[in-house]
Amino acid sequence: MEQQIVRLLSETQSSQDSLRKNAERQLKQQYGNADFPLALVAIGHHGDVPLEIRQSALLYLKTFVLACWSPQFEDFAGQLYGDEAKKAQVRQSLLDLALSGRDERKIKSAAGLVVSKIATADFPDQWPELLPTVLNVVASGADAQLHGALKVLNELVDDCFNEEQFFKVAQDLVKAVYEVAIDEQKRPNLRALAVSVFRSTFDTLEMVMEDHKAEVKGFAEQALKGWIPFFVTVLKSTLPPAPAREVQDDDSGAAELHRGSVALKLQVVKVLMRIRSLFPAMLAPQSPDLFSATWSELSSLRQEYHLMYIEDDWQGRLEDADGLPYTLDFLVLEELDFMQACLRAPPVRKELEQQLQRANPGDSTWITEVLAIAVSYSQITVEEEGLWEIDVNIFLSEEANVTANYTPRTACGDLIIKLGEWLSGLTTESLLLYTRTLYESNASWKAKEAALYLLNQLLGDFQD
């Protein structure tokens, strides 16, 4: 049976329309076969079957589950798969695959997705051992197993838990991923995935917050006591050196370390933005430390970013197989947004206003330093420069389309606008002075253009 299904799955990927449709029809005819889902899982396990067919088998299993596993699914087709003994075999085999020690990210991601779909119907009543098994692997599994367990947890948090279930498991779940996140012996990409799972819990908190304000607030306060110091530590840590361009895509060594470290920092900034949107008061006391750490990193990354994207054409906006962004342009973009958000925090504003009051006339202030950061990151990249040279009107049209092309340059414009809304006179005067200084020096044309771009953004906002 498995060989027949492998053949049919291969034919569903055929460019021949008749062959593909015939294969799809024959697969659907297998829905009444009690061994069909077990065969699909077995193909997913089989190392001798091509990877794309194994992945296809698991994705087809997801389609089968949504159509036949439980009437509660919107796509339920009316033909219930009711063999409870075989259902238990499917659940166990799928979980074994998702938590296996083999380093097969695409297979594990697909298996984890099906696990979460089944769990939506069967957890906890028919599958009480699911979460304890996954949390046990998170606590003690090898790296390959840990990766699978974190993917399953992420899917469960996103897709499975209702309000009652979430509050029953939230404390143990958050503690488990926290231990992974703080463990510096773990690979950075695994720690980033653990932070991503923690961030997903805030989506659930937001959904239940209106009906459970006290419980949500108490849970968040307790959880953040440990997480916030960790976030500050990660933001203050130094990124490892970037690998040479010719080895940037290697799956080991310096390239993997750099990608994972960027991904970890990026997930930390993302979760901080999420916390700030839901619980700004909880983050306010730490906002000066967070602002300072973000500012410091943006200052230190300017040269690396400049070499990669302003002078060279490194590929940006990349994500790994787990959907985690890992390129420097993504990190800079998130940190610029977070810096802008921190500027609105009362403790940060109070500290910065005090610094301005203590400054002597003619002294360089923190405003000038922010402008220097903004000019650095708002310079057009080599990629944008190519578009400029082809047709400047196309470049300007693309730049105006903010929703489709939100870049560090756009984020810098927003940063300066927010600064101008708070300190309009000082921001305008400082930017004019900084622009004049650039034009009187041997600064590059990109730096001069970036200053004019920021000035145009600021004055345009004043006009609006």
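**Exercise 1. Over the ring of which residue does the charged end of K448 sit?**

Solution. The model is predicted: local features need pLDDT of at least 70, side-chain atom pairs count only at pLDDT 80 or more, and totals for chains, interfaces and linings use all residues. Residues are numbered from 1 along each chain as its sequence is written, and side-chain values use heavy atoms, with hydrogens and water left out.

Step 1. Apply the criterion: NZ of Lys or CZ of Arg must be within 6 Å of the ring centre and within 35 degrees of the ring normal.
Step 2. The charged end of K448 is placed over the ring of Y439, 5.5 Å from its centre.
Step 3. R91 likewise lies over a ring face, that of W127, at 6.0 Å from the ring centre.

**Exercise 2. Describe the overall make-up of the protein.**

Step 1. Count the secondary structure, where helices (H or I, at least four residues) and strands (E, at least two) are DSSP runs numbered from the N terminus. The protein has 22 helices and 0 strands.
Step 2. Take the extent: the C-alpha trace spans about 80 × 55 × 45 Å along its principal axes.
Step 3. Classify accessibility, with buried meaning under 20% relative accessible area, exposed over 50% and partly exposed in between (1.4 Å probe, protein chains only). Of the 464 residues, 52% are buried.
Step 4. Consider contacts, defined by heavy atoms within 4.5 Å. Among those between residues at least 6 apart in sequence, 72% join residues at least 24 apart.

**Exercise 3. Compare the aromatic pairs W227–F231 and W388–W445.**

Step 1. Rings of Phe, Tyr and Trp (its six-membered ring) pair if their centres lie within 6.5 Å; planes under 30 degrees apart count as stacked, over 60 as edge-to-face and the rest as tilted. This rule gives 23 aromatic pairs.
Step 2. The W227–F231 pair is tilted, at 5.7 Å centre to centre and 40 degrees between the planes. Both residues lie in helix α11 (residues 213-236), 4 residues apart, about one turn of the helix. W227 counts as buried because its relative accessibility is 1%, and F231 is buried at 0%.
Step 3. The W388–W445 pair is edge-to-face, with 5.8 Å centre to centre and 65 degrees between the planes. This pair links distant parts of the chain, 57 residues apart: W388 belongs to helix α18 (residues 382-390) and W445 to helix α22 (residues 445-463). W388 is partly exposed at 29% relative accessible area, and W445 is partly exposed at 43%.
Step 4. W227 and F231 also belong to a cluster linked by ring pairs, together with Y178, F198, F202, F230 and F279.

**Exercise 4. What lines the largest cavity?**

Step 1. A search of the whole structure finds 1 cavity of 30 Å³ or more. The largest cavity has a volume of about 130 Å³.
Step 2. Its lining consists of P243, Q248, D249, H258, R259, M308, Y309, W314, Q315, Y326, T327 and L328.
Step 3. A cavity is a set of points, on a 1 Å grid over the protein atoms alone, where a 1.4 Å probe fits but cannot get out; lining residues have an atom within 4 Å of a point. Grid points are joined across faces, edges and corners, and the volume is the space filled by probe spheres set on the points.
Step 4. Helices α12 (253-278) and α14 (287-310) each supply at least two lining residues.

**Exercise 5. Is T427 buried or exposed?**

Step 1. T427 is found in helix α21 (residues 424-439).
Step 2. T427 is buried, since its relative accessible area is 0%.
Step 3. Not counting residues up to four places away in sequence, T427 touches I416, L419, G420 and L458.

Note on methods
On a 1 Å grid over the protein atoms alone, a cavity is a set of points where a 1.4 Å probe fits but cannot get out, and a pocket is an open set with protein on both sides within 12 Å along at least five of seven lines; lining residues have an atom within 4 Å of a point.
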